[in-house]
Every structure is written in C-alpha cells, then in structure tokens.
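Please open the model below in a viewer and keep the selection tool at hand. The tour starts with the whole chain and then goes from one selection to the next.

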Amino acid sequence: MQTLKLTIENHIAHVTINRPEKANALNQIAWDEITEVFEYLDENPEVRVVILEGGESKHFCAGIDLSLLMSVSQTNIACDARRRERVRKDVFRLQAPINAIENCSKPVLVAIHGGCIGGGIDLVCACDMRYCTDDAYFTIKEIDMGMVADLGTLQRLPKLIGDGLVREMAYTGRNVEGQEAEKIGIVNRSYESKEKMLEEVMKIAATIASKSPLSIRGTKHILLHTRDHSVADGLNYMATWNAAMLLSSDLQEAFSAKMQKRETNFED
C-alpha cells in the first residue's frame with residue numbers, strides 16, 4: 001500500500017495513515033486503500049480488534065487532499081443533469097471508505113494526535129472508540145470552504161454528542177481541543193502525550209482481543225442496529241439474533257474456563 005501501513009500481531013491489527021509529507025491528507029489512493037484494508041480486516045479471522053492512528057505525521061488527518069477535491073468539482077460533462085449525477089456518484093465513492101470502517105465486524109479504536117480536520121472527523125466518527133492527546137483538535141472545516149460536510153460527520157457525530165454542540169462545530173468551524181473533546185464525548189479519554197495514549201489504547205485493544213471473537217462481533221452488530229432502530233425493534237432483533245447465535249462453542253469455552261479457573265482460549 002502507498003498511503004497506509006498494516007501490521008497484525010496477537011489478534012490486533014494496527015493501521016497507520018502514512019502520508020506525513022501531506023499531513024495525512026487523503027488522496028484518491030488513500031480512500032481506495034482504506035476501503036480495501038478494512039474489508040480485508042473484516043474477513044480476516046486472525047484479527048479481533050483494529051487500531052487506527054496517524055503515525056509520524058504532524059496531524060492525525062488533515063482531511064481530503066485538495067487535488068482530489070478539485071477533481072470531484074471539475075468535469076467536462078456538458079449536460080447539467082449528467083454532471084450532477086456524476087458528482088453524486090463521486091460523493092458515494094468517497095463515503096465508501098468511511099462505511100467500510102463502520103461496517104468492519106471487528107471493533108475499531110482510533111488514536112488521534114494533532115489535527116483531526118474535515119474528512120478526518122468523518123473517519124473517526126465511524127470508529128467504535130476514539131482516544132486523543134490533550135493537544136489534538138477537531139474541526140469541521142468544510143464550512144470554511146463553502147461546503148456542507150458530506151461524508152458522514154453530520155450523520156454520525158449527532159449520535160455521539162449533543163445536537164447543539166454539533167451545530168456549533170458545523171456552523172463555526174472552530175477547533176475543539178483534546179480535553180474539551182473528552183468532556184463533550186467526542187473521545188472516550190484524552191491523554192497528556194501520544195506515547196501514553198498509544199500505550200493505553202493497546203491495553204484496551206488487548207483486553208478486547210482476549211474476549212470471545214464471536215460475541216465481540218455480535219455486540220458491534222447489535223449496537224449499530226440499536227443506534228438506528230427503536231427499542232422495540234432492537235429487542236425483537238436481539239431475540240432473533242440470540243436464537244441463532246447464543247449456543248456457540250465460545251459459550252461452552254467461557255463456562256469451562258470459569259469452572260476450571262483458567263484463562264479462556266477462544267478459536268478465531
């Protein structure tokens with residue numbers, strides 16, 4: 001891959017955005033590779049949890065590369081309707097990598113340092129848990145570019161924080177720094193340094209990797225379903241899910257380990 005690094009060890013996949021010379025701005029290759037890698041991780045039985053981070057770049061992600069943004073906005077199609085149809089398809093194509101992160105059956109933890117700008121917020125909102133450094137900042141930058149954020153921020157962020165706070169960020173484009181981000185719920189925790197953040201995120205990932213993989217995947221699936229449905233619909237779906245999935249070898253292994261007072265050993 002040209003824009004990402006991937007390692008897998010002890011059931012933990014580590015994905016690093018790797019365009020430090022561009023502050024991890026995402027060009028078309030990056031968008032394509034994000035889709036590819038998260039679809040791969042979804043299908044890889046060895047992987048139980050994923051960590052996404054910004055590597056050696058000054059920023060976690062500076063958003064969409066301007067060259068890509070210009071290519072989407074410029075076209076030689078003469079017909080207005082066909083030109084707008086093409087732009088709509090381009091937007092769907094850019095939404096696909098974000099959806100691939102959310103739809104990955106393994107929990108995705110993201111470690112954020114520096115700027116998380118524009119498209120960077122789209123990325124992190126699709127992750128399961130977010131962690132940052134105190135000097136990190138989050139900004140919905142599209143408003144300063146004369147745009148409406150269109151890759152998922154305005155759909156997912158209101159599920160994470162209060163409606164008024166989303167509107168304030170989206171209307172003003174102001175920076176929300178690490179400790180405030182923790183206070184309002186954008187991130188689970190903010191840390192004093194990048195090193196401490198990565199150390200703690202690795203501990204959380206290791207804990208998740210030690211649990212039943214089948215149950216972790218099922219829990220993520222149910223939480224996503226619950227977010228978008230009523231309580232009654234969710235309970236009905238849950239009953240059907242467990243009718244199919246409850247009686248697993250993981251359940252038997254958990255009971256056996258408890259009785260024998262040993263560590264669990266779940267199959268992938």
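The stops below run from the overall fold to single elements and residues.

**Whole chain**

Select everything first, bearing in mind that this is a predicted model. The chain holds 11 helices and nine strands. Its radius of gyration is 20 Å, close to the 18 Å given by the globule rule for 268 residues, so the chain is as compact as a globular protein of that length. Along the principal axes, the C-alpha atoms fill a box of roughly 70 × 45 × 40 Å.

Now colour by burial. Of the 268 residues, 46% count as buried. The chain exposes about 14,100 Å², and carbon and sulfur atoms supply 53% of that area. If you draw contacts between residues at least 6 apart in sequence, 70% of them join residues at least 24 apart.

Colouring by charge shows 31 positive and 39 negative side chains. The centres of these two sets lie 3 Å apart.

**Helix 8, residues 194-209**

Select residues 194-209, which make up helix 8. At 1.5 Å a residue, these 16 residues should span 22 Å, and the end C-alpha atoms are indeed 22 Å apart. Show side chains next: Met197, Glu200, Val201, Ala205, Ile208 and Ala209 are buried in this helix.

What covers those buried residues? The cover includes strand 2 (12-17), strand 3 (49-53), strand 4 (108-112), strand 6 (129-133) and strand 9 (189-191). Helix 9 (213-227) is also part of the cover.

**Met129, in strand 6**

From that list, go on to strand 6 and pick Met129, which lies in it. With a relative accessibility of 19%, Met129 counts as buried, since the cut-off is under 20%. Leaving out residues up to four places away in sequence, Met129 touches Val108, Leu109 and Val110. Its other contacts on that basis are Asn188, Ile204 and Ile208. Ile208 is also one of the buried residues of helix 8.

For a distance across to the helix, pick the C-alpha atoms of Met129 and Val201: they are separated by 9.7 Å, with these positions 72 residues apart along the chain.

**Helix 10, residues 231-245**

Select residues 231-245, helix 10, and set this helix beside helix 8. The 15 residues of helix 10 should span 21 Å at 1.5 Å a residue; the end C-alpha atoms are 20 Å apart, which agrees. How many of its 15 residues are buried? The count is one, and helix 10 is hardly covered.

**The loop after strand 2**

Move to the loop between strand 2 and helix 1 (28-43), where Ala23 is placed. Ala23 has a positive phi of about 55°, although it is not a glycine. Asn24 is found in this loop between strand 2 and helix 1 as well. The phi of Asn24 is near 60°, again a positive value in a residue other than glycine. Is Asn24 buried or exposed? At 0% relative accessibility, Asn24 counts as buried.

**Met147 and Asn99**

Next, select Met147, in the loop between strand 7 (137-139) and helix 5 (153-156). Its relative accessibility is 25%, so Met147 counts as partly exposed. Show the contacts of Met147, leaving aside neighbours within four places in sequence, and you should find Leu69 and Glu142.

The last stop is Asn99, in helix 3 (residues 80-103). Asn99 is partly exposed, with a relative accessible area of 30%. Add Leu151 to the selection: the C-alpha atoms of Asn99 and Leu151 are separated by 9.2 Å, and the two residues are 52 residues apart along the chain.

Conventions: Residues are numbered from 1 along each chain as its sequence is written. This is a predicted model: local features need pLDDT of at least 70, side-chain atom pairs count only at pLDDT 80 or more; totals for chains, interfaces and linings use all residues. Side-chain values use heavy atoms; hydrogens and water are left out. Helices (H or I, at least four residues) and strands (E, at least two) are DSSP runs, numbered from the N terminus. The radius of gyration is taken over C-alpha atoms; the globule rule is 2.2 Å times the number of residues to the power 0.38. Buried means under 20% relative accessible area, exposed over 50%, partly exposed in between (1.4 Å probe, protein chains only). Contact means heavy atoms within 4.5 Å. Accessible areas come from the Shrake-Rupley method with a 1.4 Å probe; for residues, only the protein chains shown count as cover. Lys and Arg count as positive and Asp and Glu as negative; His and the chain ends are not counted. The place of a charge is taken as NZ of Lys, CZ of Arg, CG of Asp or CD of Glu. The expected span of a helix is 1.5 Å times one less than its number of residues.
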